[in-house]
Amino acid sequence: MQLVSRKEMATHVINKPSDFKVCEGCGRVVRQEFSICPTCHAYRFLTNEESVVERAIQLASQEQRSKTLGNFDFD
Ligand SMILES: [Zn+2]
């Protein structure tokens with residue numbers, strides 16, 4: 001597994017939102033190839049690019065406030 005910062009990951013997501021989707025259960029940004037969320041096992045996702053970009057920006061900004069690797073991560 002590559003170690004990248006959330007900001008780098010967010011940039012990657014924002015540049016190619018069609019490769020990702022947002023879990024409706026936990027809000028994680030996951031790759032399109034997952035059919036269920038690897039974290040909460042939800043199977044409903046927001047797939048529109050606007051939602052994905054918005055979420056990625058949120059997650060990147062939360063990094064500064066939270067010191068722990070909490071709920072917010074990218075898979
Ligand atoms: Zn989830």
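**Notebook: two helices and a three-stranded sheet**

I started with the helix pair: α1 and α2 run roughly antiparallel to each other. I should say at once that this is a predicted model.

**Entry 1, the helix pair.** Two packed helices are described by the angle between their axes and the distance between the axes, so I looked up both. The axes of α1 and α2 cross at roughly 170° and come within 9 Å. Angles over 145 degrees count as roughly antiparallel, which is why the pair gets that label.

Next I listed who makes the contact. From α1 I noted Arg6, Lys7, Ala10, Val13 and Ile14. From α2 come Val52, Val53, Ala56, Ile57, Leu59 and Ala60. Sorted by class, this contact has 9 nonpolar residues, 2 charged ones and no polar ones.

**Entry 2, the core.** In soluble globular proteins, nonpolar side chains tend to be buried together. With that in mind I went to the largest nonpolar core, which has 14 residues. Which residues have the most contacts inside it? They are Ala10, Val13, Val29, Val52 and Ala56. At least two core residues come from each of α1 (6–15), β1 (20–23), β2 (29–31) and α2 (49–62). The helix α2 gives the most, with 4 residues.

I then picked alanine 56 for a closer look. Leaving out residues up to four places away in sequence, alanine 56 touches Ala10, Val13, Ile14 and Val29.

**Entry 3, isoleucine 57.** This residue is found in helix α2. Is isoleucine 57 buried or exposed? I found it partly exposed, because 14 other C-beta atoms lie within 10 Å, and the partly exposed class falls between 12 or fewer and 20 or more. I also checked isoleucine 57 against isoleucine 14: they are 43 residues apart in sequence, and their C-alpha atoms are 8.0 Å apart in space.

**Entry 4, the sheet.** The sheet is open, has 3 strands in the order β2-β1-β3, and its pairing is antiparallel. The edge strands, each pairing on one side only, are β2 and β3 (45–46). Helix α2 packs on this sheet and touches β1, β2 and β3, with its direction at about 70° to that of β1.

How many bridges join each pair? I noted 3 for β1 with β2 and 2 for β1 with β3. For the residues facing each other, I have lysine 21 opposite valine 30 in β2, and valine 22 opposite leucine 46 in β3.

**Entry 5, arginine 31.** I placed arginine 31 in strand β2. It has 12 other C-beta atoms within 10 Å and is exposed, because 12 or fewer is the cut-off for that class. Arginine 31 and phenylalanine 20 are 11 residues apart in sequence, yet 4.4 Å apart in space from C-alpha to C-alpha.

**Entry 6, positive phi.** Most residues other than glycine have a negative phi, so I went looking for positive values. Where did they turn up? Glycine 27 has a phi near 80°, in the hairpin of β1 and β2, which has 5 residues between the strands. Histidine 41 is a residue other than glycine, and its phi is also positive, near 65°. I located histidine 41 in the loop between β2 and β3. Histidine 41 counts as exposed, because it has 10 C-beta neighbours inside 10 Å.

Conventions:
Residues are numbered from 1 along each chain as its sequence is written. A nonpolar core is a set of buried Ala, Val, Leu, Ile, Met, Phe, Trp, Tyr and Cys residues joined through C-beta atoms within 7 Å. Two residues are in contact if their C-beta atoms, placed from the backbone, lie within 7 Å. Axes are lines fitted to C-alpha atoms, for helices over the stretch in contact, and angles run from 0 to 180 degrees between N-to-C directions. Angles under 35 degrees count as roughly parallel, over 145 as roughly antiparallel, 65 to 115 as roughly perpendicular and the rest as oblique. Ala, Val, Leu, Ile, Met, Phe, Trp, Tyr, Cys and Pro count as nonpolar, Asp, Glu, Lys and Arg as charged, and the others, Gly among them, as polar. Two strands pair if DSSP finds at least two bridges between them.
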